[in-house]
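Trainee: Could we go through this model together? I would like to see how each label is earned.

Mentor: Gladly; let us put it up and take the labels in turn.

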Amino acid sequence: MSDNWWREAVIYQVYPRSFADGNGDGMGDLEGVRSRIPYLARLGVDAIWLSPFYASPQHDAGYDVSDYRAVDERFGTLEDFDAMMAAAHEAGIRIIVDLVPNHTSSEHEWFTAALAAEPGSPERARYHFRDVDPGRPEAPPNNWQSIFGGPAWTKTPDGRQWYLHLFDSSQPDLNWDNPEVHAEFESVLRFWLDRGVDGFRIDVAHGMVKADGLPDTGGDGSIEMIGTTHAPFFDQDGVHEIYRRWRPIIEQYEGDRIFVAEAWTDSPERRALYLRPDELHQAFNFDLVLAPFAAADFRKAIDAEIANNAGIGAPSTWVLSNHDVQRHVTRYGDGETGLGRARAATQLLLALPGVVYVYQGEELGLNEVLDLPDEVREDPTFHRTGGEQIGRDGCRVPLPWKTEGPSLGFGDKAPWLPQPQDWAGKSAQSQDGVQGSMLEFYRTAIALRKSHKATGLTWLEDPGENAFAFDNGALVCVTNFGQDPVSLDGYEGEVLLSSTDLQDGRLPGGATVWFEK
Ligand code: NOJ
């Protein structure tokens, strides 16, 4: 029997290398995750989404997988994975793992075999290889640019062919026209389902199928990963056939297991296609990642998501931050303003019907680290653009757990990216039990969300120009996106939670309040 947990869950993203270091090598690992399960249980989350921990040369922080069935030794072993998952399940927390089907690592045995084989061989047919044109030996087969910068094609060492990589040159794209690729990923799904995982987050879920003939894209061929531009390598209709094959596989397993898509599309309508009943369960809505902190933008995104998903019976899936984007405290202006708005936005999200994703460290109010020295940066975006694009390392700095120690409790050794000095004051230890801290705010808000389950969304009269209010069936939520306080006259009921102290009964700028119904 389905309990539909995934329609209203709070799901916490663990970025393993930056969460907690259990073996003292400066990089987070699965033992670190296991040791912090009580913290996550206390936070009140229903599930963890773990970014990749598979064998990988780590050219893209693990999104370059060399063995889909093995744990990278930096992160532990399969036994560590099982122990971590058992501890999570024991605490009532589900485990969603990341699946990276668009590309493998160049160190995957398939790609090594492909390079060792001849052009036209079955080994090369698992990827996208194209001959070098002798008349134009330096002209790649089309104008596609890597999402991390530079051309999307690299020549084989013998110089006879090009291979396609939408991301780093160490991440060759798989050819999903090849039945062997389908069979392999169906087997990988079963491998992790047999082990007991509760679902998969699908990386670049809109990317695997490329338009026939690999036609040029418009403009100069460059495309943002975080964006909505349509391209011949994204959101092609054929990708849905893959999910129609995967859905029956996951359905064969007990326990209401799910797929969640990372699918960047050019419209909410296109995103909703991934959520048809015979495809995936959730697709992240990134509109609020892209939206400025403004009532009109939030309202538009919320309306579009709810309207689209309602038509197909899929839950809305809300996100403010993840490992690819600047942390929202910083997007909202940093300092007290950024923190206040972050609280307000979180409280608003937690009142919405659907699923809320929390990115590790947002519950501590962590900011983006903007001043990392160039030499410690690892993101391929930084290196492939010659530093022109700063990349994503700033949201991946290891978490501060304690007020002291070489890595503020992350582990026993200096962490793989340095933490800012003032993060001691943001550590879990310094916020635990402190009334009004971000951590206690998240704990309270998540608990109240559970005791006051949203059943829908009805907009109420706006309390001010840059503010809105809605009734979710269990509580009334009012958010003020502006600078000046707004009146709360007209909203009845006891105050359940307020992201900032009310001022003479009015809601200050950058704040959210919930009223009991
Ligand atoms: C999306 C992931 O979230 C990102 O971190 C990664 O670099 C790309 N996909 C490529 O796998």
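Trainee: What makes Glu-378 count as buried, partly exposed or exposed?

Mentor: Keep in mind that this is a predicted model. The relative accessibility of Glu-378 is 35%. Buried means under 20% and exposed means over 50%, so Glu-378 counts as partly exposed.

Trainee: Where does Glu-378 lie, and which residues is Glu-378 in contact with, leaving aside its neighbours within four places in sequence?

Mentor: Glu-378 is in the loop between β13 (355–359) and α12. With those sequence neighbours left aside, the contacts of Glu-378 are Arg-17, His-383, Asp-393 and Trp-416. Thr-346 is 32 residues from Glu-378 in sequence, and their C-alpha atoms are 29 Å apart in space.

Trainee: Why is Thr-346 called buried?

Mentor: The relative accessible area of Thr-346 is 5%. The cut-off for buried is under 20%, so Thr-346 is buried. Thr-346 lies in helix α11. Leaving aside neighbours within four places in sequence, Thr-346 is in contact with Leu-320, His-328, Glu-362 and Tyr-442.

Trainee: How do you know that Val-329 is buried?

Mentor: By the same kind of reasoning. Val-329 has a relative accessibility of 4%, and buried means under 20%, so Val-329 counts as buried. Val-329 is in helix α10 (residues 328–331). Beyond its neighbours within four places in sequence, Val-329 is in contact with Asp-334, Gly-338, Leu-339, Ala-342, Gly-365, Leu-366 and Asn-367. Leu-370 is 41 residues from Val-329 along the chain, with 12 Å between their C-alpha atoms.

Trainee: What makes Val-197 buried?

Mentor: Val-197 has a relative accessible area of 0%. Set against the cut-off of under 20%, that value means that Val-197 is buried. Val-197 sits in the loop between α5 and β9. Not counting residues up to four places away in sequence, Val-197 touches Phe-81, Met-85, Ile-95, Val-97, Trp-192 and Arg-257. Val-197 and Gly-255 are 58 residues apart in sequence, and 9.8 Å separates their C-alpha atoms.

Trainee: Why are α3 and α5 called oblique to each other?

Mentor: Helix α3 (residues 78–90) and helix α5 (residues 179–195) pack at about 55°, and their axes are 11 Å apart. Angles under 35 degrees count as roughly parallel, and those from 65 to 115 as roughly perpendicular. The angle of about 55° is in neither range, so α3 and α5 are oblique to each other.

Trainee: Which residues meet in the contact of α3 with α5?

Mentor: From α3 there are Leu-78, Phe-81, Asp-82 and Met-85, which meet Phe-191, Trp-192 and Arg-195 in α5. By class, this contact has 5 nonpolar, no polar and 2 charged residues.

Trainee: How do you know that the span of helix α9 agrees with what is expected?

Mentor: Helix α9 (residues 295–312) has 18 residues, and the expected span is 1.5 Å times one less than the number of residues. That gives 26 Å, and the end C-alpha atoms of α9 are 26 Å apart, so the two agree.

Trainee: Which residues of α9 are buried, and what do they pack against?

Mentor: The buried residues in α9 are Ala-295, Phe-298, Ala-301, Ile-302, Glu-305, Asn-308 and Asn-309. They pack against α7 (268–273), α8 (287–290), β12 (317–319), α11 (335–351), β14 (458–459) and β15 (467–471). A general point helps in reading such a list: an α-helix has 3.6 residues a turn, so residues three or four places apart point the same way. After α9 comes Gly-313, with a positive phi near 70°.

Trainee: Which residue other than glycine has a positive phi near 50°, and what makes it buried?

Mentor: That is Leu-408, whose phi is near 50°. Leu-408 is in the loop between α12 (380–384) and α13 (428–431). Its relative accessible area is 10%; with buried meaning under 20%, Leu-408 is therefore buried.

Trainee: Why is Leu-214 called buried?

Mentor: Leu-214 has a relative accessible area of 9%, and the cut-off is under 20%, so Leu-214 is buried. Leu-214 is not a glycine, yet its phi is positive, about 45°. Leu-214 is found in the loop between β9 (199–202) and α6 (239–251).

Methods. Residues numbered from 1 in each chain as written. Predicted model: local features only at pLDDT ≥ 70, side-chain atom pairs only at ≥ 80, totals over all residues. Heavy atoms only, no water. Helix = DSSP H or I, 4+ residues; strand = E, 2+ residues; numbered from the N terminus. Buried < 20%, exposed > 50% of the residue type's maximum accessible area, 1.4 Å probe, protein only. Contact = heavy atoms within 4.5 Å. Axes fitted to C-alpha atoms, helices over the stretch in contact; angles between N-to-C directions. Parallel < 35°, antiparallel > 145°, perpendicular 65-115°, else oblique. Nonpolar A, V, L, I, M, F, W, Y, C, P; charged D, E, K, R; others polar.
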